[in-house]
Amino acid sequence: MESLYSLPFNLLEAPNLKLKKPSFMAIPSPMVVFSLVLLSYFLVTGGIIYDVIVEPPSIGSTTDERGNSRPVAFMQYRVNGQYIMEGLASSFLFTFGSLGFIILEKSNGGGIPKLNRIMQFTFGFIFVLVSFFACRVFMTMKLPGYLK
């Protein structure tokens, strides 16, 4: 099998290129990389790919018992469908909870004064709890009677 893979390299010779890295390019700082990863996490969990392909409206509308049009933020009874604002709100909560876990992880680091450690632990725990229960509320709004 290896001889099959090496066959094109026996017939062709790679050119000897002496490429240099451009002087304006530098290694990004860890905080820049973290920010880019967090931004991509926010966009992917918000359903940006679904929004680009399907092009849903930003919010929906429904008519009440009097015939008036009312805006709605959640596409009810459709697990695989979403409005743009619904995806962004859910994505914010997912990111909020993940930041809570990051804060909790940082609170276990060494060299942190006790008061700062307690504050970080408290805020991280609050972030995770708020995110969890708000996501549960969103889920019961999307699928009434699902989590009862």
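Biologist: How much area does the protein expose, and what share do carbon and sulfur atoms supply?

Modeller: Accessible areas come from the Shrake-Rupley method with a 1.4 Å probe, and for residues only the protein chains shown count as cover. Here the protein exposes about 11,700 Å². Carbon and sulfur atoms supply 68% of that. Keep in mind that this is a predicted model: local features need pLDDT of at least 70, side-chain atom pairs count only at pLDDT 80 or more, and totals for chains, interfaces and linings use all residues. Residues are numbered from 1 along each chain as its sequence is written, and side-chain values use heavy atoms, with hydrogens and water left out.

Biologist: Which elements does the protein have, and in what order do they run?

Modeller: Helices (H or I, at least four residues) and strands (E, at least two) are DSSP runs, numbered from the N terminus. The protein has five helices and two strands. Starting at the N terminus, the order is α-α-α-β-β-α-α.

Biologist: Is the protein spread out or a compact globule?

Modeller: Use the radius of gyration, taken over C-alpha atoms, against the globule rule, which is 2.2 Å times the number of residues to the power 0.38. For 148 residues the rule gives 15 Å, and the protein has 24 Å, well over that, so it is more spread out than a compact globule. Along the principal axes, the C-alpha atoms fill a box of roughly 75 × 50 × 40 Å.

Biologist: What percentage of the residues count as buried?

Modeller: Buried means under 20% relative accessible area, exposed over 50%, and partly exposed in between (1.4 Å probe, protein chains only). In this model, 20% of the 148 residues are buried.

Biologist: And what share of contacts join residues at least 24 apart?

Modeller: A contact means heavy atoms within 4.5 Å. Take contacts between residues at least 6 apart in sequence: 62% of them join residues at least 24 apart.

Biologist: How many salt bridges does the structure hold?

Modeller: The criterion is a side-chain nitrogen of Lys or Arg within 4 Å of a carboxyl oxygen of Asp or Glu. The structure holds one. Glu86 and Lys142 form it through their side chains, at 2.8 Å from N to O. The pair links distant parts of the chain, 56 residues apart: Glu86 is in helix α4, and Lys142 is in helix α5 (residues 114–142).

Biologist: Are these two residues buried or exposed?

Modeller: Glu86 is buried, at 5% relative accessible area. Lys142 also counts as buried, at 8%. Helix α4, which holds Glu86, spans residues 84–107. Leaving out residues up to four places away in sequence, Glu86 touches Ala73, Phe74, Met75, Gly81 and Lys142.

Biologist: Where does Glu55 lie, with its positive phi?

Modeller: Glu55 is not a glycine, yet its phi is about 55°. It sits in the loop between α3 (48–54) and β1 (60–63). Glu55 is exposed, at 65% relative accessibility. Tyr77 is another non-glycine with a positive phi, about 65°. Its place is the loop between β2 (69–72) and α4. Tyr77 is exposed too, at 58%.

Biologist: Which residues does Met139 touch?

Modeller: Met139 is in helix α5. Its contacts, not counting residues up to four places away in sequence, are Tyr146 and Leu147. Met139 is partly exposed, with a relative accessible area of 27%. From Met139 to Ile102 is 37 residues in sequence and 24 Å in space, C-alpha to C-alpha.
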